[in-house]
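Here is a quick walk through the model, with an eye on patches, helices and charge pairs. Keep the viewer open as you read.

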Amino acid sequence: MYGFEAMTFNIHGGYLEAIVRGNRSSLLTAADYNNLCQCETLDDIKMHLSATEYGPYLQNEPSPLHTTTIVEKCTLKLVDEYKHMLTQATEPLSTFLEYITYGHMIDNVVLIVTGTLHERDVQELLEKCHPLGMFDSIATLAVAQNMRELYRLVLVDTPLAPYFSECITSEDLDDMNIEIMRNTLYKAYLEDFYRFCQKLGGATAEIMSDLLAFEADRRAVNITINSIGTELTREDRKKLYSNFGLLYPYGHEELAICEDIDQVRGAMEKYPPYQSIFSKLSYGESQMLDKAFYEEEVKRLCLSFEQQFHYAVFFAYMRLREQEIRNLMWISECVAQNQKSRVHDSVVFIF
Amino acid sequence: MVTSSSSWARALLQISPYTFSAIGIAISIGVSVLGAACLIGAAIKAPRITSKNLISVIFCEAVAIYGVIVAIILQTKLDSVPQSKIYDPVSLRAGYAIFASEIIVGFANLVCGLCVGIIGSSCALSDAQNSTLFVKILVIEIFGSALGLFGVIVGIIISAQATWPMK
C-alpha cells in the first residue's frame, strides 16, 4: 500500500537511509568544482581534494600523480561506501543494492572479452575493470571462444545468467557481435530491474520506474545515433530497445527507421521531457547531447532525495557519485593536458 | 442470566485491566525504536545532532508515561464487589468503562508513538543537512504528540464514571 511504508521502513532501512543522506551531503558542490577548475597542476587538485572527503584516500599518493590514480582512488572510496551499505543491509534492500552493480558487471565482461579478442594480457585487463562489477570467476572469461562457451564456462554461476537466454548464438565473438551482446544484456538487465522494483511497490516502484525509464530511453537514443551508418539492420536495432519507458512502443518504431541525427531529433521532439534536452542543441550537433542527458539525469536523481522511506535514494546516490568521478576525471585530464578552456564542456554540477 | 453476555462480563471482571494497559505501554515504547534507528544513522555523519534530537526519543517516552499514569489511576478504581452483585448492571458498566478506557489509552499511545517516531526520523535527517530546520519540524512533532494526550483525557473522563455498587 502506498503511503504506509513509513510505519515499518525504519526498522530495517532507517540506519542505511540516514547514512546515504549523510554521504550525499558530502558530494562536491559548485564552489568546489570552481576551485578545482582554477587548478594549474594535478598536485593542486590533490591539495583541494584533500580538504574534502577524498582526503584520506589521496594523501598517501606520491607525486607525480597521474589522472588514472586520482580516478582510481575516488572509485575506491565509492566501493568502500557501497560495501559498508551492502554488509549492513537486509532483504530486500541487499538485493536492490546488488542490482545496481550488474550494469558494471556487464561492462567488465565485455571489456575482458574485447581485450582478449585483441590479444591483450588478462592481468592488464583485470586492472582496468570497474571494482564494483567484479565477481569470482571473471579471469576465466579470457578462455572462451564463442558465446556458448562463455555462458557454459563462466557466466552460468553469476547473477548475469538469466540475461543470456536472448543472446546465445554459436557465432564467434567479433567486435560487432560483442557490442550487440552488450546491449542485449543491458536490455535484459534493465527490464529485470524494472520488474523487481515494480514488485517492491510503493514509493520505490514509482521513483525507480521514472529513473529506469529515462535510462532506457537514453540508451535507445544512443544506440540509434551510434548505429547510424553501420551494418546494423533496422530489425536488429529495434530488438535492442527495452520494453518499457516513455518511448515504448511508438517512439521505438520511429527511432528504428532514423538515418541521421535530425531525424532522431524529429522523433524525440514529440515527447515534452526530451524536447527540452534537444532544444539545447543546435542543428547537426551531437557532441553536447551526452552532457545534456547527464544534466537531465542529475536533475532527476536529485529529485529522488525529496522523499523519505524508499530505496531509490541508494540508486540515486551511486549514480551521483559516478557522475562526480566522471567530472573529476574530465577536470584532471583538462588540467594535465593544459586545455583548461575546455573544462566546462563536460562538467555537470550536481548542486 | 447464564448467557454469553454474562460470561463476557465474568471474563471482564477477571482479566485485569493491567493486561490491556501493559500491552498498550509495551507497544508504544517499542515503536519509539523506529525513530531512534534513524537518529543513530544520521548522527554518524553529523554528530552534532545527537543531543538535540534526543528530544524525539523523549517524546516517545512521554507517551509511555501517559500509559503508566492511566494504569495507576485505573488501578485505584478497582474495588471488591459482593458476590451477589457481580452481574449487577452497575458493576457491569464499571467493568466495561475501565476496559474501554484502557483500550483507548493503549491504542492512542500506539498511534502517537508511531507518528512521533516517523516525524522524529525526518527531523534528525533534515537537522543533519541544515540546522535551521530542527525547530520547525519539532513543532510538527509536538502536534503529533498531542494525540497521546487526547487519548489520556478521554480515558480519564470515561473511567471517572466507573463506580462500583455499594456494599
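B:Leu147 has a relative accessible area of 36%, so this residue counts as partly exposed. Keep in mind that this is a predicted model. B:Leu147 sits in helix 5 of chain B. The residue also belongs to a nonpolar surface patch, together with B:Val111, B:Leu149, B:Phe150, B:Ile153 and B:Ile157. Together these side chains offer about 550 Å² of accessible area. Which element gives the most to the nonpolar patch? That would be helix 5 (residues 133–160) of chain B, with 5 residues.

Zooming out a little, chain B has 5 helices and 0 strands, so reading from the N terminus you get α-α-α-α-α. Of the 167 residues in chain B, 43% are buried.

Over in chain A there's a patch of another kind: A:Glu72, A:Asp121, A:Glu124 and A:Glu127 form a negative surface patch. A:Glu72 is part of helix 5 (residues 67–88) of chain A, and its relative accessibility of 51% makes it exposed. A:Glu127 comes from helix 7 (residues 122–128) of chain A and is exposed too, at 68% relative accessible area. If you want a distance to check, A:Glu72 and A:Tyr57 are 9.8 Å apart, C-alpha to C-alpha, with their positions 15 residues apart in sequence.

Now for the charge pairs. The whole structure holds 21 salt bridges over all chains. Here are three of them, each in chain A.

| Pair | N to O distance | Helix of chain A | Separation in sequence |
|---|---|---|---|
| A:Glu81 and A:Lys77 | 2.8 Å | helix 5 | 4 residues |
| A:Lys291 and A:Glu295 | 4.0 Å | helix 15 | 4 residues |
| A:Lys299 and A:Glu296 | 3.7 Å | helix 15 | 3 residues |

Why are A:Glu81 and A:Lys77 separated by about one helical turn? Because they are 4 residues apart in helix 5 of chain A. Both A:Glu81 and A:Lys77 are buried.

The two helix 15 pairs are a mix in terms of exposure. A:Lys291 is buried, as its relative accessible area is 15%, while A:Glu295 is partly exposed at 29%. A:Lys291 and A:Glu295 are also about one turn of helix 15 (residues 287–303) apart. For the other pair, A:Glu296 is buried with 11% relative accessibility, whereas A:Lys299 is exposed with 52%. Being 3 residues apart, A:Lys299 and A:Glu296 are again about one helical turn from each other. Salt bridges with shared partners also tie A:Glu53, A:Lys77, A:Glu81, A:Arg321 and A:Glu324 into one network.

Last, a geometry check on two helices of chain A. Helix 9 (residues 175–200) has 26 residues, so at 1.5 Å a residue it should span 38 Å, and its end C-alpha atoms are indeed 38 Å apart. Right after helix 9 comes A:Gly201, with a positive phi near 75°. Helix 10 (residues 202–226) has 25 residues and an expected span of 36 Å, which agrees with the 36 Å between its end C-alpha atoms. Is helix 10 of chain A largely enclosed or largely open? Largely enclosed by the rest of the structure, because 19 of its 25 residues are buried.

Terms used: Residues numbered from 1 in each chain as written. Chains lettered and ligands numbered in written order. Predicted model: local features only at pLDDT ≥ 70, side-chain atom pairs only at ≥ 80, totals over all residues. Heavy atoms only, no water. Buried < 20%, exposed > 50% of the residue type's maximum accessible area, 1.4 Å probe, protein only. Patch = residues over 30% accessible without salt bridge, like charges linked within 9 Å, V, L, I, M, F, W, Y side chains within 5 Å. Areas by Shrake-Rupley, 256 points an atom, 1.4 Å probe, with all protein chains shown as cover. Lys, Arg positive; Asp, Glu negative; His and termini not counted. Charge placed at Lys NZ, Arg CZ, Asp CG, Glu CD. Expected span 1.5 Å × (residues − 1).
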